[in-house]
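Here are my notes for you to read with the model open. Take the points one at a time and find each residue on screen as you go.

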Amino acid sequence: MNELKTINKDKLHQLFDKLIADGNDVIAPKRKSEKVFFGKIISSSDICYDYIQTAFSAKSSVFPKCEELFSYEKNDNEIKHLDPVFSDKTTIVFGSRPCDSASFDYLKVFFLKENPDFHFAKRYDSTLLISMTCNKSDEHCFCTSVGISPSDTKGSDVSLTDLENGEFLAEIISDKGKKFVADYSSFFENKGDISQKSNKNAKVDIKFDLDKLKTKIKGSFDWDTWDKQSLACLGCGACAFACPTCTCFDIQDEASPKSGSRIRIWDTCALSLFTLHASGHNPRENQAGRWRNRVLHKFEYTDTKFDMVSCVGCGRCIKTCPASMNIINQVISIMEA
Amino acid sequence: MDNIAKNINQLIADGSVDIFIGYVKGNDNRAKAAFFNISDKVDNAIFDASCTQNLAVYLHKHEIKSFAKIGIFANYSTLRAIIQLANENQIKAEKYIIQTMNKDSQIITFANLTEVESYVQANRPAPAAAMIQKLDSLSKMDRDERWEFWSKELASCIKCYACRSACPMCYCSQCTTDCNQPQWIGVPAHGQGNFEWHIMRAMHLAGRCVACGECQRVCPMEIPLGLLNARLNIDIATNFGETAGMTLGADYALSSYKVDDKEHFIR
Ligand code: SF4
Ligand code: SF4
Ligand code: SF4
Ligand code: SF4
């Protein structure tokens, strides 16, 4: 059983304002115009609570769209190598949904398991995830089909549930979370009733049987469903960049004669350039192959490699796609084939 | 929608088309491009206010190009893009059966591009008031304020290239931004890289943009890209008297010149 506490909204906001005043970064849902995005807040009043899900995942807090890996300066014959400077403060990510928080478990495996990634590790270690369970869902949510649920606490440090009476139930999950709550114990109250949680949390229907899919998808590489389903796909990066578990990156050098830096940026298999060889040959020559790669990567390749299906069922790729592509329809067409 | 389905079925049955591009219901309240006779059921065909995507973008996708006879159920912007693509020698009219639905819900089959031209000229919608208002407020800003506005907006660009992918006029087999020898445009989605990318794209579409608004609609970061193109469209129309996708056979402003041009450098 996780340790339980409660915190009311005013206290929660006071806590965020204190964290900000102490120099920490607080990343929380903020409205832009129609959509709600994670962004750095300067006051607790910036937080938007009216969202089923943010348009983009919280992965940018540990894997930014663009980050300097190192830089150098050259003076006469001396070359100075400079590592990026990381703040010693904590980055608090507030309001990630269970699917998003679960994605951090995958990100950890991807970036830290075989060749630990220095930059990711630095950011991950200083990040605290205060997630929020889901009281609402929409037709594109399919967390329950991939082993996650609207009440899940996987990947979170502290998991809040909105009791819709001005109070949040707080489940303290990780050691990081325990330390945090102990440090700020005056903001929390020592009570809480876990049975209140399930009354509030959304119910999400299971859309497909994951075990069956895992078996079936293994032989699907040559099926024409990929060609048929992908004709509308425009080959952009919107789905992958919105996806909490798409981790592909490109490395770019930006240099002048006196100085330069090496930068890591998001990249994606949906773009034709991703597999283009210097010779001009492209082994993944059409969009069907690129679309297939992204879907197989989620449901087959990471399952084989890390024993983890890497789609967390957030439905963001569906909501973000300019061409109305739909990963659930693709999965169902594989199940039915 | 029965008459749309009947019409598509007819064209498929009599062998007039190998593939018919139209719309079906997509995610949320959006329509999705459909590829009848290949991947979608004709019975699901729709044509209504949700059908905003510019389908001309698929005409230069090589999976589609490989079909000999292509039918397309075009909304207004798609028709304009077709004219502009023909002007830029990107499509051969003989390959296509182009249809639309007019305000009285009648299906129109265009006999040739000249008929498409007359249709787009006769049915041109008034520019959106909100867009005009926003453009006005931008022109009233001084340079620093405008710089501030665009710095803030473009900072959030993630370089997903959805704007380019959805644009019917971005058909280059190698986009300038993907060129790395030489590297014209900074690849990372940082301040400078984003500015370079958007200035480049806006310039490439000046006088070619058919004002479908797709780039802005698809931008996952809600960047008001349409403002850039709308501004340039107005400038091109004012200075060169041209509007993309309205006149068949028109040259486009930035790729043609007149020997009696008032600017000396051109001679
Ligand atoms: S599925 Fe959609 S978002 Fe993803 S590459 Fe294709 S068009 Fe872009
Ligand atoms: S593949 Fe789509 S649904 Fe799955 S985690 Fe990524 S964005 Fe979410
Ligand atoms: S669609 Fe938006 S975020 Fe993507 S590259 Fe274009 S402007 Fe940038
Ligand atoms: S931005 Fe320019 S180079 Fe790139 S695809 Fe569009 S028109 Fe071509």
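1. Start with the polar contacts between the two chains: chain A and chain B share 25 residue pairs in polar contact, counting pairs where both residues have pLDDT 80 or more. That confidence filter is there because this is a predicted model, so keep "predicted" in mind for everything below.

2. Which parts of chain A should you colour to see its side of the meeting with chain B? The elements that give two or more residues to that side are helix 7 (225–230), helix 8 (238–242), strand 10 (249–255), strand 11 (259–266), helix 9 (287–306) and helix 10 (316–320) of chain A. Sorted by class, the side of chain A that touches chain B holds 21 nonpolar, 11 polar and 9 charged residues.

3. How many salt bridges link chain A and chain B? The count is 1. To find a salt bridge on screen, pick out the side chains of K32(A) and E153(B), which meet at 3.0 Å, N to O.

4. Now for the totals. On chain A, 41 residues are in contact with 43 residues of chain B. Between them the two chains bury about 3,100 Å², and 55% of that is on carbon and sulfur atoms. If you want three residues of chain A to label, try K65(A), L231(A) and S324(A): together they supply 21% of the area chain A buries against chain B, more than any other three residues.

5. Next, have a look at the ligands. Around ligand 1 you'll find C233(A), L234(A), G235(A), C236(A), A238(A), C239(A), A270(A), W291(A), C321(A), P322(A) and M325(A). That shell splits into 10 nonpolar residues, 1 polar and no charged.

6. Ligand 4 has its surroundings in chain B: C170(B), C172(B), C175(B), T176(B), M200(B), R201(B), H204(B) and R208(B). What is the mix of classes in the shell around ligand 4? The shell has 4 nonpolar, 2 polar and 2 charged residues.

7. One last residue to click on is S103(A), which sits in helix 2 (residues 98–112) of chain A. Is S103(A) buried or exposed? S103(A) counts as buried because its relative accessibility is 1%, and the cut-off for buried is under 20%.

8. Who does S103(A) touch? Setting aside neighbours within four places in sequence, S103(A) is in contact with P244(A), T245(A) and V312(A). Try the distance tool on S103(A) and S310(A) too: they are 207 residues apart in sequence, yet 7.6 Å apart in space, C-alpha to C-alpha.

Notes:
Residues numbered from 1 in each chain as written. Chains lettered and ligands numbered in written order. Predicted model: local features only at pLDDT ≥ 70, side-chain atom pairs only at ≥ 80, totals over all residues. Heavy atoms only, no water. Helix = DSSP H or I, 4+ residues; strand = E, 2+ residues; numbered from the N terminus. Buried < 20%, exposed > 50% of the residue type's maximum accessible area, 1.4 Å probe, protein only. Contact = heavy atoms within 4.5 Å. Near = heavy atom within 4 Å. Nonpolar A, V, L, I, M, F, W, Y, C, P; charged D, E, K, R; others polar. Buried area = accessible area lost by both parts, 1.4 Å probe. Salt bridge = Lys/Arg side-chain N within 4 Å of Asp/Glu carboxyl O. Polar contact = N/O pair within 3.5 Å; in protein donor to acceptor, adjacent residues only side chain to side chain.
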